[in-house]
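Here are a few friendly notes to read alongside the coordinates. I have grouped them by element, so you can follow them with the viewer open.

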Amino acid sequence: MEQPKKQEATQATASEHGNDRRVDVVSLKALAHPLRIQLLNMLSQYGPQTASGLAERLGESSGATSYHLRQLAKHDFVREVEGRGTARERWWRRAPGSLTISAGELAGSPATREAARLVTREFERSRADLLADFMAHGSELVPEEWLDASVVTTINVRLTREQLADIAEQASDYVRTLAAPYLDQDAESTEGVRPVQLHLNAFPIIDVRSDRTPAPTESRS
């Protein structure tokens with residue numbers, strides 16, 4: 001079955017909303033490490049952190065997190081927070097904007113395809129883990145007013161490929177528009193703020209027991 005042509009992870013965290021970035025081959029290979037993706041996720045979810053703070057969150061050594069942060073910074077996935085920290089303890093933040101990993105454009109070699117799979121797989125695993133934790137422990141750990149404000153919803157519908165693409169694009173744009181006013185909200189100075197992740201899932205359902213025939217491929221000029 002043909003791989004999806006585009007995998008997109010949107011984790012805009014600053015006021016420079018709309019600064020979308022298509023990840024090229026060189027940057028993709030630099031990102032394709034599980035710990036680097038975890039670091040990127042932590043900075044997206046919790047805001048600026050130090051290497052030692054991230055190490056404590058992830059159960060890693062500060063030497064490892066510091067090294068991988070520097071590698072991410074070389075490719076502008078993360079940036080040092082100016083005017084904060086010291087030469088020994090630097091603060092890092094996620095570079096603003098979304099990342100788009102286009103499998104069709106990066107399918108030039110097996111190594112590149114595998115790097116794309118690793119990165120998108122780690123992003124999806126992180127999303128799934130967060131949702132699973134919320135579903136399993138939310139009622140115990142989250143205040144009732146936050147539970148009332150949350151929603152996990154599923155809609156089943158039959159669509160053509162074009163209809164699916166249209167809904168996915170419109171829904172994604174709408175969610176980004178709704179979130180835009182809050183992207184630069186300072187969690188440290190705004191009362192009642194906590195990390196929140198918005199998920200938008202739109203995909204064809206696959207029945208592994210019956211979907212045995214290969215999906216038709218589109219001709220490429």
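**Notes on the predicted model**

1. Let me begin with a loop residue: Asp76 has a relative accessible area of 33%, so Asp76 is partly exposed. Asp76 sits in the loop between H4 and strand S4 (78–85). Its backbone deserves a look, since phi of Asp76 is near 60°, a positive value in a residue other than glycine. For context, most residues other than glycine have a negative phi. Please keep in mind throughout that this is a predicted model.

2. Now the overall layout. The protein chain has seven helices and six strands. Read from the N terminus, the order of elements is β-β-α-α-β-α-α-β-β-β-α-α-α. Of the 221 residues of the protein chain, 28% count as buried. Among contacts in the protein chain with a separation of 6 or more, 70% come from residues 24 or more positions apart.

3. Helix H2 is worth some time. Ten of the 13 residues of H2 are buried, which leaves this helix mostly covered. The buried set consists of Leu35, Arg36, Ile37, Leu39, Leu40, Asn41, Met42, Leu43, Ser44 and Gln45. The length of H2 also agrees with expectation, because 13 residues at 1.5 Å a residue should span 18 Å and the end C-alpha atoms are 18 Å apart. Just after the helix comes Gly47, with a positive phi near 80°.

4. How do H2 and H3 pack against each other, and at what angle? Helix H2 (residues 34–46) meets helix H3 (residues 51–58) at about 105°, and their axes are 11 Å apart. The two helices are therefore roughly perpendicular, as angles of 65 to 115 degrees count as such. On the H2 side the contact uses Leu35, Gln38, Leu39, Met42, Leu43 and Tyr46, while H3 contributes Leu54, Arg57 and Leu58. Sorted by class, the contact of H2 with H3 has seven nonpolar residues, one polar and one charged.

5. A short remark on helix H4 (residues 62–74), where Tyr67 lies. With 38% relative accessibility, Tyr67 counts as partly exposed. The C-alpha atoms of Tyr67 and Ala51 are separated by 8.8 Å, and these residues are 16 apart along the chain.

6. Next, helix H7 (residues 161–179), a run of 19 residues. From its first C-alpha to its last, H7 reaches 27 Å, close to the 27 Å expected at 1.5 Å a residue. Which residues of H7 are buried? They are Ser172, Arg176 and Ala179. Viewed down the axis of H7, these buried residues fall within an arc of 70°, so they line one face of the helix. As a reminder, an α-helix has 3.6 residues a turn, so residues three or four places apart point the same way. The face of H7 turned away from the buried side carries the exposed residues Gln170, Tyr174 and Thr177.

7. Finally, please look at Arg176, which is found in helix H7. Is Arg176 buried or exposed? At 14% relative accessibility, Arg176 counts as buried, because the cut-off for buried is under 20% relative accessible area. You can also check Arg176 against Leu198: the two are 22 residues apart in sequence and 9.6 Å apart in space, C-alpha to C-alpha.

Technical notes
Residues numbered from 1 in each chain as written. Predicted model: local features only at pLDDT ≥ 70, side-chain atom pairs only at ≥ 80, totals over all residues. Heavy atoms only, no water. Axes fitted to C-alpha atoms, helices over the stretch in contact; angles between N-to-C directions. Helix = DSSP H or I, 4+ residues; strand = E, 2+ residues; numbered from the N terminus. Parallel < 35°, antiparallel > 145°, perpendicular 65-115°, else oblique. Contact = heavy atoms within 4.5 Å. Nonpolar A, V, L, I, M, F, W, Y, C, P; charged D, E, K, R; others polar. Expected span 1.5 Å × (residues − 1). Buried < 20%, exposed > 50% of the residue type's maximum accessible area, 1.4 Å probe, protein only. Arc of directions from axis to C-beta.
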